[in-house]
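The report below begins with the surroundings of the bound ligand and then turns to a helix, a surface patch and a loop residue.

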Amino acid sequence: MAKKIVIVGAGPGGLTAGMILKHRGFDVEIFEKEGCVGGRNAPIKMNGFTFDTGPTFLMMSFILEEMFEETGRKAKDYLEFIHLDPMYRLNFFDNEVLASDDHDKMEAEIKREFPGEEGGLNKYLKREKKRFDYLFPCLQKPYSSFSDMLKNPLLKAIPHLDLHLSVFKALGRYFKSDNLKFCFTFQSKYLGMSAWECPAAFAMVAYIEHKWGIYHVTGGLNRISEAMAGVFLEEGGKLRFNTKVKRLVNTGRNVTGVELEDGTVVNADEVIVNADFSYAAVNLMDKKYVKKYAPDKLKKRKYSCSTFMIYLGVKKKYNFPHHNVFFAEDYRRNVEDIFDRLKLSDQISFYVQNASVTDPTLAPEGKSTIYILVPVANLKGDIDWEKEKDAFKERVLDEVVKRTEMKDLRENIEVEKVYTPDTWRDGLNVYYGATFNLGHNLRQMLYFRPRNRFECFDNVYLAGGGTHPGSGLPTIYESARISANMICKKHGVPYIDPTKLDRKNTI
Ligand SMILES: Cc1cc2nc3c(=O)[nH]c(=O)nc-3n(C[C@H](O)[C@H](O)[C@H](O)COP(=O)(O)OP(=O)(O)OC[C@H]3O[C@@H](n4cnc5c(N)ncnc54)[C@H](O)[C@@H]3O)c2cc1C
């Protein structure tokens, strides 16, 4: 008889684990509290406009391809990928850069905006390639015991970690201008971290973009989760919508299944938790066994920032790039307000996605979707979003109108939705509204991050941004594959060691 796996949550992590394990012959059932798949990667649909709730950047697309290949399929048979060049526009008060994964274009761009600094690009790419080659295999392995830290590939990678440096400091090796350093360090925001705190190891993130490029998916990145759910169902998996898991049922360290909100108990041999880790530890698990992650202990941990979101369906199209990052005039103060002082900053940095410039399927003819993301403090601070929401939205729109091409934006808004950190916490069960999960500081990585085979029980696994290797779609897919492979190993089901696979883009 096939072993029964229950998965809590149909976000990217849950779906990846689900489709891989179902393909390998397990009996898999996913419980999702919402009426659709995707979680933070679900679509928001309003009056014919489609928005991605969260992720809009798809990087390391080869990892996504591998996940489909794990099920004997090709991602491009399910999804249409659009390569973005420029990758993104980076706007500072005194510089503007169109970043490209085309080496010559990028070099010319640096030469134009930061004359004399263009030689740094080759140095950066060469050194960060080396770092990536050593570090990437470490992100594909589990760290169940401390001794795993003392084995290869991590042992070999240690000299390339630059443990004493932050991402921002590491960039000082290649470039002098702060703005140019920001072009290669703002990516620490993908991890919800400050470039001045984020470990230097992550200086390779921009290298990854420059090496493999950034992709959009027609219909939005939410289509990836829908496609994965399609594969899961084709394989015969069971997907239960509008079914909230109330708790994991355990006898001591052994979890025997889950109890649903209506009291039904579903038995399982293994349980995979995809719901936000800290939320799940506090709300779904037997407190006696998760003392390590009790609320007072979690409070002492570092969490990512949160985000204030404005999704606008507008009556016209604007001609400017797909991804745009606008840095606050005093970017450092803005970052410190968000991460250290946990307060509403008088500076605003923001990201605007103008996806309709690439993808006409997202809005009715002649109209477009505008997605605005503003990094803000997580809910460990005491900002009263009920009180601040409307005024903050107006402040953000003022900045957007002032700094982008959308001078007539307000007159053209047809529909809108606003998410505050409270929305992430209350609507999507995101602990502290920390949209990018636990921080990725060294004390919360590898063995020190909640483990893929969750250390507090014998048969609970984690898949998602809260476990190893971390938050971000490619790493979430890896977390799910690591957990799936551990379950296979336990039950004698064959699997391929992902570190042995070639890294190639075929889309
Ligand atoms: C605004 C934003 C922008 C982002 N941008 C990017 C980006 O550009 N690129 C990138 O790679 N990453 C990005 N990320 C990070 C990351 O890719 C996404 O957050 C990703 O969706 C997280 O996936 P997950 O599987 O960890 O969890 P989630 O997406 O949170 O999925 C968890 C699922 O569990 C369900 N659930 C929760 N509790 C229960 C329960 N009790 N019972 C049943 N179901 C439950 C939820 O409804 C949800 O569907 C972004 C995130 C955000 C929020």
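Around the ligand stand 38 residues, and the closest of them are G13, E32, R40, N274 and L473. The model is a predicted one, and the contacts described here are values computed from its atoms. The polar contacts of the ligand include the three collected in the following table, each with the atoms on both sides and the distance between them.

| Residue | Atom of the residue | Atom of the ligand | Distance |
|---|---|---|---|
| N41 | backbone N or O atom | oxygen atom | 3.5 Å |
| V245 | polar backbone atom | nitrogen atom | 3.0 Å |
| N274 | side-chain N or O atom | oxygen atom | 2.8 Å |

Of the 990 Å² of accessible area that the ligand has on its own, the protein covers 96%. Two or more residues of the shell around the ligand come from each of the elements α1 (12-23), β15 (306-314), β18 (368-376) and α16 (473-491), and α16, with three residues, gives the most.

**Helix α10**

Helix α10 takes in residues 222-234, and its length can be checked against the expected rise: 13 residues at 1.5 Å a residue should span 18 Å, and the end C-alpha atoms of α10 are 19 Å apart, which agrees. The buried residues of α10 are N222, I224, S225, A227, M228, A229, V231 and F232. As background to such a list, residues three or four places apart in an α-helix point the same way, because the helix has 3.6 residues a turn. Just after α10, the residue G236 takes a positive phi of about 95°.

**Surface patch and the loop residue K302**

On the surface, F146, L150, L155, I158, L163, L442 and F448 make a nonpolar patch of about 630 Å². One of these residues, L155, lies in helix α6, which takes in residues 154-157. Is L155 buried, partly exposed or exposed? With a relative accessibility of 43%, L155 counts as partly exposed, because that class lies between the cut-offs of 20% and 50%.

K302 is placed in the loop between α12 (295-299) and β15, and β15 is also one of the elements that give two or more residues to the shell around the ligand. The relative accessibility of K302 is 42%, so K302 likewise counts as partly exposed. Between K302 and G213 the separation is 89 residues in sequence, while in space it is 30 Å from C-alpha to C-alpha.

Conventions. Residues numbered from 1 in each chain as written. Predicted model: local features only at pLDDT ≥ 70, side-chain atom pairs only at ≥ 80, totals over all residues. Heavy atoms only, no water. Helix = DSSP H or I, 4+ residues; strand = E, 2+ residues; numbered from the N terminus. Expected span 1.5 Å × (residues − 1). Buried < 20%, exposed > 50% of the residue type's maximum accessible area, 1.4 Å probe, protein only. Patch = residues over 30% accessible without salt bridge, like charges linked within 9 Å, V, L, I, M, F, W, Y side chains within 5 Å. Areas by Shrake-Rupley, 256 points an atom, 1.4 Å probe, with all protein chains shown as cover. Salt bridge = Lys/Arg side-chain N within 4 Å of Asp/Glu carboxyl O. Near = heavy atom within 4 Å. Polar contact = N/O pair within 3.5 Å; in protein donor to acceptor, adjacent residues only side chain to side chain.
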